[in-house]
Amino acid sequence: MLDNFLFYLKLTWVCLKLAFNLFVFALNFLLIKINAKKLLNISLLSLIILSIGLNLLIIKQKNTPQVEIQHVEIFEKTGLELPKSQLVTMTENEVLIEIEQLQKLESLNIKSLGLLLNLSQLNKALDQDQPTKEYFKQAKQIAPQINYLEKN
């Protein structure tokens with residue numbers, strides 16, 4: 001068993017050496033075929049193009065409006081695991097769609113603490129102060145112990 005392991009280890013080493021030597025040979029061949037100055041210019045140009053592309057990607061991501069929302073569920077039964085916090089990134093349009101869906105539930109006279117807190121948090125993410133305060137006030141009527149959230 002140990003002999004087989006050592007054999008495969010040596011075989012792996014020989015294969016890695018062969019791959020490295022082939023890579024060095026290919027580079028040498030390219031340097032002979034292509035003038036070294038051209039290779040340097042080509043590599044610098046490709047590096048500049050890559051960095052510009054990455055900068056544009058970062059700028060696009062930075063300028064895309066995104067909101068982080070935490071979804072919390074409160075369970076009625078005590079034997080269940082604690083809820084896990086989950087970060088979700090949403091665009092402004094997705095937040096508006098989510099608010100519309102939750103408002104449809106609220107229009108059906110569903111008075112849920114999680115529903116009202118989610119509506120409050122989503123409106124706060126969009127800087128809509130009046131609906132935020134209104135939904136939080138309704139949530140406090142259901143569970144007065146959530147006063148500590150008012151500061152956040």
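Tutor: Helices and strands are here DSSP runs, helices of at least four residues and strands of at least two, numbered from the N terminus. With that in hand, the protein chain of this predicted model can be read along the sequence as the pattern α-α-β-β-α-α-α.

Student: How many helices and how many strands does the protein chain have?

Tutor: The protein chain has five helices and two strands.

Student: How should I read burial across the chain, and what percentage of the residues count as buried?

Tutor: A residue is called buried when its relative accessible area is under 20%, exposed when it is over 50%, and partly exposed in between. Of the 152 residues in the protein chain, 16% count as buried, while the chain as a whole exposes about 13,100 Å², with carbon and sulfur atoms supplying 64% of that area. As for contacts between residues at least 6 apart in sequence, 41% of them join residues at least 24 apart.

Student: Which residues of the largest nonpolar core touch the most other members?

Tutor: That core has 16 residues, and those that touch the most other members are Val-95, Ile-99, Leu-113, Leu-117, Leu-119, Ala-139 and Ile-146. At least two residues of this core come from each of helix 3 (92–107), helix 4 (113–125) and helix 5 (129–142), and the largest share, six residues, is supplied by helix 4.

Student: What does Ile-99 touch, leaving out residues up to four places away in sequence?

Tutor: With those neighbours left out, Ile-99 touches Leu-119, Leu-122, Asn-123 and Leu-126. Asn-123 deserves a separate reading: this residue lies in helix 4, and because its relative accessible area is 2%, Asn-123 counts as buried. Leaving out residues up to four places away in sequence, Asn-123 touches Ile-99, Gln-128, Pro-131, Thr-132 and Tyr-135.

Student: Thr-132 appears in that list; how far is Gln-121 from Thr-132 in sequence and in space?

Tutor: Gln-121 and Thr-132 are eleven residues apart in sequence and 6.9 Å apart in space, from C-alpha to C-alpha. Gln-121 also has its place in helix 4, but its relative accessibility is 29%, so Gln-121 counts as partly exposed.

Student: Where does Asp-127 lie, and what is notable about its phi?

Tutor: Asp-127 is placed in the loop between helix 4 and helix 5, and its phi is near 60°, a positive value in a residue other than glycine. Its relative accessibility is 65%, and therefore Asp-127 counts as exposed.

Student: Turning to the surface, which residues form a nonpolar patch there?

Tutor: The patch is formed by Leu-40, Leu-44, Leu-47, Leu-50, Leu-54 and Leu-57, which together have about 600 Å² of accessible area. To take one member, Leu-54 lies in helix 2 (residues 36–63), and since its relative accessibility is 46%, Leu-54 counts as partly exposed.

Student: How is a pair of aromatic rings described, and how many such pairs are counted here?

Tutor: A pair of aromatic rings is described by the distance of the centres and the angle of the planes. The count in this model comes to one aromatic pair.

Student: Why is the pair of Phe-7 and Tyr-8 edge-to-face?

Tutor: The ring centres of Phe-7 and Tyr-8 are 5.6 Å apart and their planes stand at 65°, so the pair is edge-to-face, given that the class requires an angle over 60 degrees. Phe-7 and Tyr-8 are both exposed.

Technical notes:
Residues numbered from 1 in each chain as written. Predicted model: local features only at pLDDT ≥ 70, side-chain atom pairs only at ≥ 80, totals over all residues. Heavy atoms only, no water. Patch = residues over 30% accessible without salt bridge, like charges linked within 9 Å, V, L, I, M, F, W, Y side chains within 5 Å. Areas by Shrake-Rupley, 256 points an atom, 1.4 Å probe, with all protein chains shown as cover. Salt bridge = Lys/Arg side-chain N within 4 Å of Asp/Glu carboxyl O. Buried < 20%, exposed > 50% of the residue type's maximum accessible area, 1.4 Å probe, protein only. Phe/Tyr/Trp six-rings, centres within 6.5 Å; stacked < 30°, edge-to-face > 60°. Core = buried A, V, L, I, M, F, W, Y, C linked by side-chain atoms within 4.5 Å. Contact = heavy atoms within 4.5 Å.
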